[in-house]
Amino acid sequence: MGKAMGEAATKAADPPRGRRLGGTGRPRTVPVERLLRKAVVVAYWLAVAPLARLAARLPASLAYRVACWRGDWTFWYWAEKRSEVVGNLRRVLGDELGPDEAERLARDYFRLVSCEVIDVMRLRGRAGSLGKLVEIRGREHLDAALAGGKGAILCSAHFGSHIGVFSLLHAGGYPLTTIGRWHWNYNPGLSSAERRFWDLIYARRVLRHRQRPNIEPLPGRVQVAAQAAAALRANEVVTICSDAPPYDADRTRAIEVPLLGRQATLLPGVVTLARLTGAPVLMAFVYRSADYRHQVLEISPPVPMQGETATAFGRCVAAMDAAIRTSPAHWFYWGQTDDLASLGLLPAARSAGTAAVSPQPSAGEPAALLEDRR
């Protein structure tokens, strides 16, 4: 929810439906290619969803092999997005990442987001069919944190299949709530029918494995901290992704921290929440193995929150940096050039006033869409 969670940020207001993002007032044009991509995405979900019960009983190797085939096909037919991902990988990670390695990572990126569809479908029931494929390391750190009675904050990034795998924690007895938005509810380019589709096919499955509805960070929603604090006071787990680019309205609260060799602009909301409630912060990352069906959720010991806000938050960002460098293809933002620029990892590609800023992904972001959200 995707992807997920700590994006307590807000960007410039979305344009009115039917208007260009540049604000020209002329009708929005929808390229035929984009409509075809949407149709392919919807068809994939519609084809997989009715098979959810069967997929839970079929060999996992078959289900994830099909997902990889779909990822490979998307990689080759969507040349524009493939070039964007390859270019972003090389521009951010440096020239030492050769063209062949960048192509390999980009193909893996497409495979991984396609596999997340299967993960969501295997959440059926008590998510046992997905649980058999996931190893949770560091559960003792989470247990120790909850023993303090002040709840626990799991801080992550839009990295790997965190939405599906975090659901396993809830199914395993840890009451869990996510800070994040269902992005389709705030995208003016989507119809009401499309929103209902994603509510039914995606959100419904995920929310079965959440203690409370998503805590949605939006401009002016001061109750977000209060809602999260209430969950933590009940000794529950709150998840938050802290790698989302801030909206323009929140940049005064953002700070610069080192990320991937640059100074990234991020919101330190996880530190603010931890200090407000006394809840410990643990880093959590989900890695998919080379066979694409097995995964590992790694939960760290508590991150020290002492020192200045930038110092404490820097420890969290350093963990995100290490995870991304270890498994670059797992990070969602390679396919979102505008967001990388908003983070400060890439230079702004467009002139002020005409930039098309995509809605930031959230806990409700089905990364497997691979859909052009501009």
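User: Hi! Let's start with the strands: how many bridges join E3 to E4, and in which sense do they run?
Analyst: Hello! In this predicted model, E3 and E4 are joined by three bridges and run parallel. One facing pair there is Thr 178 opposite Thr 239 in E4.

User: Nice. Which residue stands opposite Thr 239 on the E2 side?
Analyst: That would be Leu 154, which stands opposite Thr 239 in E4. Strand E2 covers residues 152-156, and five bridges join E2 to E4, again with parallel strands.

User: And E4 itself, is it covered or uncovered?
Analyst: Mostly covered: strand E4 runs over residues 237-241, and five of its five residues are buried. Both faces are covered. Val 237, Thr 239 and Cys 241 sit on one side, with Val 238 and Ile 240 on the other, and all are buried.

User: What's the strand order of the whole sheet?
Analyst: The order is E1-E8-E7-E2-E4-E3, in an open sheet of six strands with mixed pairing. The edges are strand E1 (134-137) and strand E3 (176-178), each pairing on one side only. On average, neighbouring strands of this sheet are turned by 25° against each other, direction ignored.

User: Let's look at the E1 edge. What does it pair with, and over how many bridges?
Analyst: E1 pairs with strand E8 (residues 295-302) in the parallel sense, over four bridges. Glu 135 stands opposite Val 296 in E8, and Arg 137 stands opposite Glu 298 in E8.

User: Which residues of E1 are on the covered face and which on the uncovered one?
Analyst: Val 134 and Ile 136 form the covered face, while Glu 135 and Arg 137 form the uncovered one. So the two E1 residues I just paired with E8, Glu 135 and Arg 137, belong to the uncovered face.

User: Switching topic: any odd backbone angles?
Analyst: Two to look at. Ala 127 has a phi near 60°, a positive value in a residue other than glycine. Tyr 292 also has a positive phi, near 70°, and is likewise a residue other than glycine. As background, most residues other than glycine have a negative phi.

User: Where do those two residues lie?
Analyst: Ala 127 lies in the loop between H5 and helix H6 (128-131). Tyr 292 is in the loop between strand E7 (281-288) and E8.

User: They're in loops, so are they buried or exposed?
Analyst: Ala 127 counts as buried because its relative accessible area is 1%, under the 20% cut-off. Tyr 292 is buried too, because its relative accessibility is 13%.

User: I was also clicking on Ser 327. Where is it found, and what does it touch?
Analyst: Ser 327 is in the loop between helix H12 (309-326) and helix H13 (337-343). Leaving out residues up to four places away in sequence, Ser 327 touches Phe 159 and Tyr 287. Ser 327 counts as buried because its relative accessibility is 15%.

User: OK, cores now. Which residues have the most contacts inside the largest nonpolar core?
Analyst: Trp 331 and Trp 334 do, in a core of 89 residues. Helix H5 (residues 99-121) gives the most to this core, with eight residues. Apart from that core lies another, of twelve residues, among them Val 120, Met 121, Ile 163 and Val 206.

User: What does Trp 334 touch?
Analyst: Not counting residues up to four places away in sequence, Trp 334 touches Glu 84, Val 85, Asn 88, Leu 89, Val 92, Leu 93, Tyr 109, Leu 260, Ile 324, Pro 328 and Leu 340.

User: How about helix H3: what span does it have from its first C-alpha to its last?
Analyst: H3 (residues 60-77) has 18 residues and reaches 26 Å, close to the 26 Å expected at 1.5 Å a residue.

User: Which H3 residues are buried?
Analyst: The buried ones are Ala 60, Ala 63, Tyr 64, Ala 67, Cys 68, Arg 70, Gly 71, Asp 72, Thr 74 and Phe 75. A useful general point is that an α-helix has 3.6 residues a turn, so residues three or four places apart point the same way.

User: Last one: what are the totals for the chain?
Analyst: The chain has 13 helices and eight strands. Of its 374 residues, 57% count as buried. The accessible surface comes to about 15,100 Å², and 57% of that belongs to carbon and sulfur atoms.

Methods. Residues numbered from 1 in each chain as written. Predicted model: local features only at pLDDT ≥ 70, side-chain atom pairs only at ≥ 80, totals over all residues. Heavy atoms only, no water. Pairing = 2+ DSSP bridges. Axes fitted to C-alpha atoms, helices over the stretch in contact; angles between N-to-C directions. Buried < 20%, exposed > 50% of the residue type's maximum accessible area, 1.4 Å probe, protein only. Areas by Shrake-Rupley, 256 points an atom, 1.4 Å probe, with all protein chains shown as cover. Expected span 1.5 Å × (residues − 1). Core = buried A, V, L, I, M, F, W, Y, C linked by side-chain atoms within 4.5 Å. Contact = heavy atoms within 4.5 Å.
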